[in-house]
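Subject: Structure handover and notes

Dear colleague,

I am passing on the structure we spoke about, with the sequence alongside. Please open both before you read on, as the notes below follow them element by element.

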Amino acid sequence: MENKNSIIHVILTGGVGSRLWPLSRKSQPKQYLDIFDGKSLFEMTVDRNRDIADKVMVVGNIDNCHLSRKVLEKTNTEYIDIIESTPRNTAAAIAFAAFAAEPDDILIVTPSDHIIDDMIAYEAAIQEAVEKAAQGYIVTFGIVPTKPETGYGYIERKGDDVISFREKPNQVSARDFISKGNFLWNSGMFCFKAGVLLEELKAFNPEVYEKSKLVWENNSNGNLDLALSMDIPSISIDYAVMERSKKIKVVSSQFDWSDLGSFESVYDYLVTIGHTVDENGNMVIGTDNYTAFIGVKDTIFVYTPTANLILKKEFSQDVKSVYNALARDNSDLLN
């Protein structure tokens, strides 16, 4: 009888959501904020993949693993917990997940902070990716773009073959990508056999492979050693494998998707679920206090008990500069 290998949903939870400060803090990153229909993005990620995968694996860090545990206990979800002692970017995080699986297990890797709608289209894309992964390919999910977005990376493709990966473009390049018609948004989601990913990582970035393997072999109940982890180069899976391997395929995906990486995307999503905006497109997030906007349009007021943010929607990408300035000052407002 054929031995059925597991399909494992791997959730990456390491981000701090710097572009959503002051809502998102180190102590409560954006994926754990209960501002989306009373659920967090992390909980929604767990829910949408519940019927797709046989197992759940969470790769988080020492600062947020208790937040993941709280959600998974609330939803009565068994999971494999991998706790990084220090962030080493996605190549190492994904390598740990692959080392924790059997070589023929198929891993579906997703960030924990995305909004996805149209589950029929989503499940169709997942099924196509699993079939390609079973054939030995490393699959990335490209989202059919709806506008020339500058906040996302892009995948240039011909059919299901990847021609190139592109960094976040400026407005002119983004419009050019859209007009060409063969560019997809890079979702940061992947699907592959654990052993195939590790083979490619070993071939193209042996240092990350060997040092991640050493860290994994010395784990204690999923907790990873700090001193050994510090030796791993901090590099993304895109640079380490995706841009170099000949085994990459892309699934062109039609489901509605946003990484909610800016207040503009949060604004757009909240509008779709009925969040209040005034007649000039102004929105309040974080408080029910009466707030009046005079002489401004498309402005977002973000309230928290210790810090407020006021921004024009189109300048959402600039919030990270505020975060970086506070980080340089070691401000408690990031915690």
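At what angle do helix H3 (residues 89-99) and helix H7 (residues 206-217) pack, and how far apart are their axes? Before I answer, please keep in mind that this is a predicted model. In it, H3 and H7 pack at an angle of about 55°, and their axes are 9 Å apart. An angle that is neither under 35 degrees nor within 65 to 115 nor over 145 counts as oblique, and H3 and H7 are therefore oblique to each other. Their crossing is right-handed. On the H3 side the residues that meet H7 are Ala91, Ala92, Ala95, Phe96 and Phe99, and from H7 they are met by Val208, Tyr209, Ser212, Lys213, Val215 and Trp216.

Ser236 is linked to the H3 part of the chain through its contacts: once its neighbours within four places in sequence are left aside, Ser236 is in contact with Asn89, Thr90 and Ala91. Ser236 itself lies in the loop between helix H8 (226-229) and helix H9 (237-242). Is Ser236 buried or exposed? Its relative accessibility is 15%, and because buried means under 20%, Ser236 counts as buried. A polar atom of the Ser236 side chain also lies 3.2 Å from the backbone nitrogen of Tyr239.

A second pair of helices involves H1. Seven of the eight residues of helix H1 (residues 41-48) are buried, so H1 is largely enclosed by the rest of the structure; the buried residues are Leu41, Phe42, Glu43, Met44, Thr45, Val46 and Arg48. H1 packs with helix H2 (residues 65-74) at an angle of about 45°, and the two axes are 10 Å apart, which means that H1 is oblique to H2. The crossing of H1 and H2 is right-handed, and the contact is made by Phe42, Glu43 and Val46 of H1 together with Ser68, Val71, Leu72 and Lys74 of H2.

The remaining notes concern a sheet. Three strands form an open sheet in the order S12-S13-S14, and the pairing is mixed. Strand S12 (283-285) and strand S14 (308-312) are the edge strands, each pairing on one side only, and neighbouring strands of this sheet are turned by 15° against each other on average, direction ignored. Helix H10 (residues 263-272) packs on the sheet and touches S12, S13 and S14, with its direction making about 100° with that of S12.

Within the sheet, S12 and strand S13 (residues 299-303) pair in the parallel sense over three bridges, and Val284 stands opposite Phe301 in S13. S13 and S14, by contrast, pair in the antiparallel sense over five bridges, with Thr299 standing opposite Lys312 in S14; these two strands form a hairpin with four residues between them.

Which side chains of S14 point to one face and are buried? They are Leu309 and Leu311, whereas Asn308, Ile310 and Lys312 point to the other face and are not buried. In a regular strand, side chains alternate between the two faces of the sheet, and the side chains along S14 do alternate.

With best wishes

Terms used. Residues are numbered from 1 along each chain as its sequence is written. This is a predicted model: local features need pLDDT of at least 70, side-chain atom pairs count only at pLDDT 80 or more; totals for chains, interfaces and linings use all residues. Side-chain values use heavy atoms; hydrogens and water are left out. Buried means under 20% relative accessible area, exposed over 50%, partly exposed in between (1.4 Å probe, protein chains only). A polar contact is a pair of N or O atoms within 3.5 Å; within protein, one must be able to donate a hydrogen and the other to accept it, and residues adjacent in sequence count only if both atoms are side-chain atoms. Contact means heavy atoms within 4.5 Å. Two strands pair if DSSP finds at least two bridges between them. Axes are lines fitted to C-alpha atoms, for helices over the stretch in contact, and angles run from 0 to 180 degrees between N-to-C directions. A crossing is left-handed if the near helix is turned anticlockwise from the far one by less than a right angle, and right-handed if clockwise.
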